[in-house]
Amino acid sequence: MCSFRLVPGRRTRAFLVSGVLAAASVFFGADALADSAESPATTCRNVAVPVRAGTQTGPLSGTLCVPPRATTVQLLVPGWTYNRNYWQTPYRPGADSYQQAANRAGYATLAIDRLGTGASLRPLSVFDTMQNDLASLDSVVRALRAGELGPRFSRVIGVGHSYGSILVDTTAREYGGFDALITTGFSHVLNYGNAVAEIIGHAYLASGDEKFAGLGLDPLYVTSQPGTRDIFYHAPNVHPSVKKIDEKDMKDTDSVINAATLLNYSVPNRDPRLNVPVLNVTGDHDQFFCGVLSADCVSSAALREYERQWYAPGTEVEAFLVPDTGHNATLELTAPQSFRRMLDFADRHVGRGSGVTGSPAGTLPEQPAPHRGKPDVAARLANEALLRAVKPVVDTYPQLVAGVPGLGTTRNPSPELATLLARLSNALGSVTSR
């Protein structure tokens, strides 16, 4: 009895492979098969939308990264004294940034420099207001939907961090335009005690800082004092390289006027007509949006119950309280947990459309570099005086409030007052939205 085995030649193997691929395309669908193949790389380029602030006009700049066939875009808005690099920086060397993670998931991203930061228009500080920030964001959303930046996107997800979360939330309320919201490092009421003491207390004149010298900024533009960006992180949860990159590349300017127009954000900040899916991702050590009169950051369920009262009845509100994490949730070592929740939420509530998944990361273009000069002498001297007289006092604040409920901890010691504030805001919001 003899036996034999078939040793397929090159043509036989090709025939077998083509048959398997054909069967797979029928069973799984052509799109899934295409996604599993080697995909063209995501393309990234600098873009700008013309905006107006008071009597001044200029660009609202950003980096647009588009995977093949992408039809859904995530508009990434950074927080106070941050620029677009917040979203483009990985949480550790060799890892994906949030922008790259979203691109690999098939979503286009536009990471912007807000008004008054980066390569965007820096108007006179009197025009650097929250309302002008909102109007500029609306212009960007309209441009994305109209195809003015290249692709025409049928769906737009607003993704914010800190002050950027306030902006996407308020833009959705006042202008619409978003299909869903993802807010990070955020709740609907600031912990004003910590925010004023730690953020405003550690600010000084931007025109006296070597990084922003020569930009012609007026005295009401400020930035963080050197070496004070640690306040945005939970120290045990940060790779050392990230803090260095924060100081060098992410640190930017903001204005005292912007801060002043932001202070009344908490009352009113609800519109009962706003009804798009919302995800809140906040660290359980976030001292700026948890605590006194704000969210009681003890669990994801508690954060969700707090946040849902600010939206229209029936709004789909989800929350993820990231464990062992500070204010910059997407830049700490727990970032992969945040990424998964954010992208899963986007998939379930909006969808990537026809965007191809698994595309190689795009090469980021070099950002426009503003003119550099020497620090303003008067501003430099004022900064030196602040560093000598004020900084040592402000630096003692964490020790003074350590263990104080709501200030030194992220527990809210008076949840009844927080609920009362929410009801007051809801009542005012209902009146003003009629």
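**Exercise 1. Find the bridge partner of L205 in strand 8, then follow the pairing around that strand.**

Solution. Step 1: L205 is bridged to V222 of strand 8. Helices (H or I, at least four residues) and strands (E, at least two) are DSSP runs, numbered from the N terminus. The model is predicted, so local features need pLDDT of at least 70 and side-chain atom pairs count only at pLDDT 80 or more, while totals for chains, interfaces and linings use all residues. Residues are numbered from 1 along each chain as its sequence is written, and side-chain values use heavy atoms, with hydrogens and water left out.

Step 2: Strand 7 (residues 203-205) and strand 8 (residues 221-224) are antiparallel and share three bridges. Two strands pair if DSSP finds at least two bridges between them.

Step 3: Strand 8 is also joined to strand 9 (residues 254-255), again antiparallel, by two bridges. Here Y221 is opposite S255 of strand 9.

**Exercise 2. Give the strand order of the open sheet of eight strands, and describe the pairing at strand 2.**

Solution. Step 1: The order is 1-2-4-3-5-6-10-11, and the pairing is mixed. At the edges are strand 1 (43-53) and strand 11 (317-322), each pairing on one side only. On average, neighbouring strands of this sheet are turned by 20 degrees against each other, direction ignored.

Step 2: Strand 1 and strand 2 (residues 56-66) run antiparallel, joined by 11 bridges. Within this pair, A48 has S61 as its bridge partner, and N46 is opposite T63. The two strands form a hairpin with two residues between them, and G54 in the turn has a positive phi of about 65 degrees.

Step 3: Strand 2 also pairs with strand 4, antiparallel, over four bridges. In that pairing C65 is opposite T109.

Step 4: Eight of the 11 residues of strand 2 are buried. Buried means under 20% relative accessible area, exposed over 50%, partly exposed in between (1.4 Å probe, protein chains only).

**Exercise 3. State which strands helix 6 lies across, and which residues of the largest nonpolar core touch the most other members.**

Solution. Step 1: Helix 6 (residues 163-174) lies across strand 3, strand 5 and strand 6 (180-184), at about 145 degrees to strand 5. Axes are lines fitted to C-alpha atoms, for helices over the stretch in contact, and angles run from 0 to 180 degrees between N-to-C directions.

Step 2: The largest nonpolar core has 93 residues, of which L75, Y98 and L110 touch the most other members. Such a core is a set of buried Ala, Val, Leu, Ile, Met, Phe, Trp, Tyr and Cys residues joined through side-chain atoms within 4.5 Å. Helix 5 gives the most to this core, with seven residues.

**Exercise 4. Classify the ring pair of Y82 and Y86, and that of Y306 and W310.**

Solution. Step 1: Rings of Phe, Tyr and Trp (its six-membered ring) pair if their centres lie within 6.5 Å; planes under 30 degrees apart count as stacked, over 60 as edge-to-face and the rest as tilted. The count of such pairs is nine.

Step 2: Y82 and Y86 have ring centres 5.4 Å apart and planes at 75 degrees, so the pair is edge-to-face. Y82 is buried at a relative accessible area of 1%, and Y86 is buried at 0%.

Step 3: Y306 and W310 form a tilted pair, with 6.0 Å between centres and 55 degrees between planes. Both Y306 and W310 are buried.

Methods: Contact means heavy atoms within 4.5 Å.
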